[in-house]
Amino acid sequence: YTTATRAAAAGGITTIVDMPLNSIPSTTTLDAFRTKLDAAKNQCFVDVAFWGGIVPGNAEELKPMLNAGVVGFKCFLIHSGVDDFPHVEQADLETALKTLQGTDATVLFHAEMDCACNGSKGNPEEYRTFLESRPAVMEEKAIDLVCEMCLKYKVKCHIVHLSAASALPSIVAAKEKGAPLTVETCHHYLSLNAETVPNGNTLYKCCPPIREKKNQDLLWDGLKKGYIDMVVSDHSPCTPDLKLLDKGDFMAAWGGVASVQFGLSLFWTNCRNYGMNLFDMVKLMCENTAKLASLSHRKGAIRAGYDADFVIWDPDVPFEVTEDRIYYKNKVSPYMGRTLQGRVYQTVVRGNTVYADEAGLTSSPQGGFQLKNQQDEKSKL
């Protein structure tokens with residue numbers, strides 16, 4: 001929590017929402033959530049909210065976790081990569097959604113599903129081999145199920161890290177039918193493309209995969225048309241050894257991109273090439289993300305009565321991504337050596353300066369927990 005929230009502060013991010021897996025224990029029970037809160041206490045340099053998790057057999061834990069302050073629940077429709085966070089089948093999903101009917105919880109979906117088309121033939125050091133093992137139809141199939149379940153149960157549903165633009169028509173159709181459905185895409189899908197991924201450079205591996213430039217252009221078009229609701233980091237770090245950089249094996253390496261520190265600058269660097277501006281950035285990275293995390297009553301806007309969260313930055317100043325700039329723990333990134341636009345000079349959380357360019361980070365953590373349905377004074381540490 002210390003290094004991740006330091007990185008967020010240095011990147012102008014004032015609130016993050018923690019994922020339920022890649023922690024021991026995974027956040028799938030009330031006891032596990034309490035363990036996580038204890039572990040994070042007094043370590044956060046920005047505000048932190050928490051997702052719980054849906055796994056087979058934990059439906060009875062969902063409302064207790066919701067009452068304790070999680071802002072929603074994430075599930076996987078395919079193997080998560082972590083054995084203690086198994087993916088759900090449709091029956092598990094229906095049980096969980098029935099349990100959550102009548103609440104204002106949001107269910108997040110890693111929307112890929114196994115199919116006969118996702119073999120892994122070819123040289124594992126070639127990016128094309130990995131890309132062909134996770135074709136767009138895996139996302140399309142999963143998103144069709146999410147849309148069906150969302151319309152059936154009318155529980156708020158959210159598709160995380162959309163990479164396949166070909167799934168957008170199904171999402172748009174479901175929204176038009178009244179599904180309480182939202183969708184995000186990520187900085188790596190908007191900034192990187194398959195044609196320029198070097199073979200053997202597993203820093204570019206994530207799931208779903210970074211797809212072709214044509215697909216990337218369609219994602220930007222989906223943002224402009226309002227089909228995609230927000231842009232997030234999906235910060236997924238790992239120790240350098242898990243990336244298997246010495247072997248360059250895309251099939252076996254850890255899948256994830258760490259970008260929480262550079263999201264603001266990544267989006268700003270690229271959005272103007274697609275006719276988008278600062279107001280679009282605020283909507284996609286502040287307003288709509290705050291709504292998703294049930295924080296729009298105090299976050300995501302500059303308004304009387306809201307938290308005084310600000311980033312002071314210069315959109316015209318470039319900087320190079322170098323290892324000495326990185327605040328998160330494991331300093332690996334596919335953006336290393338790239339020049340980005342928009343330098344952060346100061347980050348303020350609830351009126352407290354947590355990062356200043358000249359001085360660095362504050363000496364003590366100033367962030368607090370943003371717990372759903374809890375009184376404001378109980379959310380501060």
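The following exchange discusses the cores, sheet, salt bridges and surface of a predicted model.

Colleague: Which conventions apply to the numbering, and which pLDDT is needed for side-chain atom pairs?

Modeller: Residues are numbered from 1 along each chain as its sequence is written, and side-chain values use heavy atoms, with hydrogens and water left out. As the model is predicted, totals for chains, interfaces and linings use all residues, local features need pLDDT of at least 70, and side-chain atom pairs count only at pLDDT 80 or more.

Colleague: Which helix gives the largest share of the largest nonpolar core?

Modeller: A nonpolar core is a set of buried Ala, Val, Leu, Ile, Met, Phe, Trp, Tyr and Cys residues joined through side-chain atoms within 4.5 Å; buried means under 20% relative accessible area, exposed over 50%, and partly exposed in between (1.4 Å probe, protein chains only). The largest core has 110 residues, and those with the most contacts inside it include L181 and F267. Its largest share, eight residues, comes from helix α6 (residues 136–153).

Colleague: Which residue stands opposite L181 in β7?

Modeller: Helices (H or I, at least four residues) and strands (E, at least two) are DSSP runs, numbered from the N terminus. Five of the six residues of strand β7 (residues 181–186) are buried, so this strand is largely enclosed by the rest of the structure. Strand β6 (residues 156–159) pairs with β7 in the parallel sense over three bridges, where pairing requires that DSSP finds at least two bridges between two strands. The residue opposite L181 is C157.

Colleague: Which strands are the edge strands of the open sheet?

Modeller: The open sheet has six strands in the order β3-β4-β5-β6-β7-β8, with parallel pairing. Two bridges join β3 to strand β4 (residues 73–76), and G52 stands opposite F73 in β4. The strands that pair on one side only are β3 (52–53) and β8 (230–232).

Colleague: How far apart are the closest N and O atoms of D47 and R350?

Modeller: A salt bridge is a side-chain nitrogen of Lys or Arg within 4 Å of a carboxyl oxygen of Asp or Glu. D47 is buried at 0% relative accessibility, and R350 is buried at 18%. Although D47 lies in strand β2 (residues 47–50) and R350 in the loop between β10 (339–349) and β11 (352–356), 303 residues apart, their closest N and O atoms are separated by 2.7 Å.

Colleague: Where does the salt-bridge partner of K152 lie?

Modeller: K152, in helix α6, is 58 residues from its partner in the sequence. That partner, E94, has its closest O atom 2.9 Å from the N atom of K152 and is buried, with a relative accessible area of 16%. E94 lies in helix α4 (residues 90–100).

Colleague: Is D31, the partner of R34, buried or exposed?

Modeller: R34 and D31 both lie in helix α2 (residues 30–40), three residues apart, about one turn of the helix. Their side chains meet in a salt bridge of 4.0 Å, N to O. R34 is partly exposed at 47%, whereas D31, with a relative accessible area of 55%, is exposed.

Colleague: What is the relative accessibility of L278, a residue of the nonpolar surface patch?

Modeller: L278, found in helix α11 (residues 278–292), makes a nonpolar surface patch of about 300 Å² with F279 and V282. Patches are made of residues with over 30% relative accessible area and no salt bridge, like charges being joined within 9 Å and nonpolar side chains (Val, Leu, Ile, Met, Phe, Trp, Tyr) within 5 Å; accessible areas come from the Shrake-Rupley method with a 1.4 Å probe, and for residues only the protein chains shown count as cover. L278 counts as partly exposed because its relative accessibility is 38%.
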